[in-house]
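Colleague: I would like to go through how helix packing and sheet order are read from a model. Could we take one case and work from it?

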Amino acid sequence: MSLRVTFLGTGGAVPTTERAPSALFVNREGDRLLFDCGEGTQRQMMRAGTGFGIDHVFVSHLHGDHVLGIPGLVQTLGFNDRTEPLSIHCPPGTGEDLHDLVHVANHQPGFPIRIEEVAPGDVALDADGYEVRPFETTHRTVSQGYVLEEADRPGRFDRPKAEELGVPVGPAFGRLHAGESVELADGTVVEPEQVVGPPRPGRTLVYTADTRPRERTVEVAADADLLVHDATFAEGMADRARDTAHSTGREAGSIADRANAERLALVHVSSRYAADASPILREAREAFDGECLLPDDGTLIEVPFPDAEE
């Protein structure tokens, strides 16, 4: 069950030749999701080879570097003869503005677009095996992050134990693993808990978008497999980070450390660091002992299950 994350736009409000504005593409076993859509996102999708088969866009807030790619993406999808609906999930009170953005210059999409306002505490997407939910962030406008959380998986199936109990090889194994009891030919009933271990956790991906560090992120990202966090500035510009409601690399690292996250990806890098963003990464690593990366546009990472090495 794959979970792949492609960083389409890792830059801040001002794009550079190396970093486009915010966009994060997630492919969860064929379900393609887009988190934010800065200018030129459709071109970034082409360059990264993600394809355009997305069904859901999750908007964190209405600053231009997070939404101005939506009109271009919608029109590109139309030029590719799309007919399937596209759902755009957004913070409360922003739906009308997004509707205007989709229809800018009197454009009329040739496929249905559903704009759905979702608030922290809501379930934005209830899919097969996972949910996407918004959570509170702190920025200069109405904003929210999103957490993709998978359901627990069945425990490991103990085949030798099942055979020892007399369960015939075949469909009975699958029924037991699915939580059903199985009656043997002699009338003996084998219960799932006799041959199936405890449930195994799914994966958790957290995307903060633009935000100050806050306790709610620590709570939402507890034991997360991947935390994608605002890291606009290095510590030398901590005052600027506070004034603009962003985070420094060190602050992002501290959040990841307190949340006991497995991996931290630093995004929304200010154009001030176009020549060298290494201070942001270095300072994050000083605060966080887990795996920490500063992805480039186009970086693709696979998120493994927590028990993948067992």
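Colleague: Are α10 and α11 roughly parallel or roughly antiparallel to each other?

Modeller: Keep in mind that this is a predicted model. The angle between the helix directions decides, and angles under 35 degrees count as roughly parallel. Here the axes of α10 (residues 249-259) and α11 (residues 278-287) cross at roughly 30° and come within 7 Å. The two helices are therefore roughly parallel to each other. Their crossing is right-handed.

Colleague: Which residues of α10 and α11 make the contact?

Modeller: From α10 come Gly 249, Arg 250, Gly 253, Ser 254 and Asp 257, and from α11 Ile 280, Glu 283, Ala 284, Glu 286 and Ala 287. Sorted by class, that contact has 4 charged, 3 polar and 3 nonpolar residues.

Colleague: Now the sheet. What is the order of its 7 strands?

Modeller: The order is β7-β8-β9-β12-β13-β14-β15, in an open sheet with mixed pairing. An edge strand pairs on one side only, and here the edges are β7 (125-127) and β15 (291-293). Direction ignored, neighbouring strands are turned by 15° against each other on average.

Colleague: How many bridges join β13 to β14, and how do these strands run?

Modeller: Strand β13 (residues 226-230) and strand β14 (residues 263-267) run parallel, joined by 4 bridges. Within this pair, His 229 stands opposite Leu 266 of β14.

Colleague: Which strands does α10 touch?

Modeller: Helix α10 packs on the sheet and touches β13 and β14. The direction of α10 makes about 150° with that of β13.

Methods. Residues are numbered from 1 along each chain as its sequence is written. This is a predicted model: local features need pLDDT of at least 70, side-chain atom pairs count only at pLDDT 80 or more; totals for chains, interfaces and linings use all residues. Side-chain values use heavy atoms; hydrogens and water are left out. Axes are lines fitted to C-alpha atoms, for helices over the stretch in contact, and angles run from 0 to 180 degrees between N-to-C directions. Angles under 35 degrees count as roughly parallel, over 145 as roughly antiparallel, 65 to 115 as roughly perpendicular and the rest as oblique. A crossing is left-handed if the near helix is turned anticlockwise from the far one by less than a right angle, and right-handed if clockwise. Contact means heavy atoms within 4.5 Å. Ala, Val, Leu, Ile, Met, Phe, Trp, Tyr, Cys and Pro count as nonpolar, Asp, Glu, Lys and Arg as charged, and the others, Gly among them, as polar. Two strands pair if DSSP finds at least two bridges between them.
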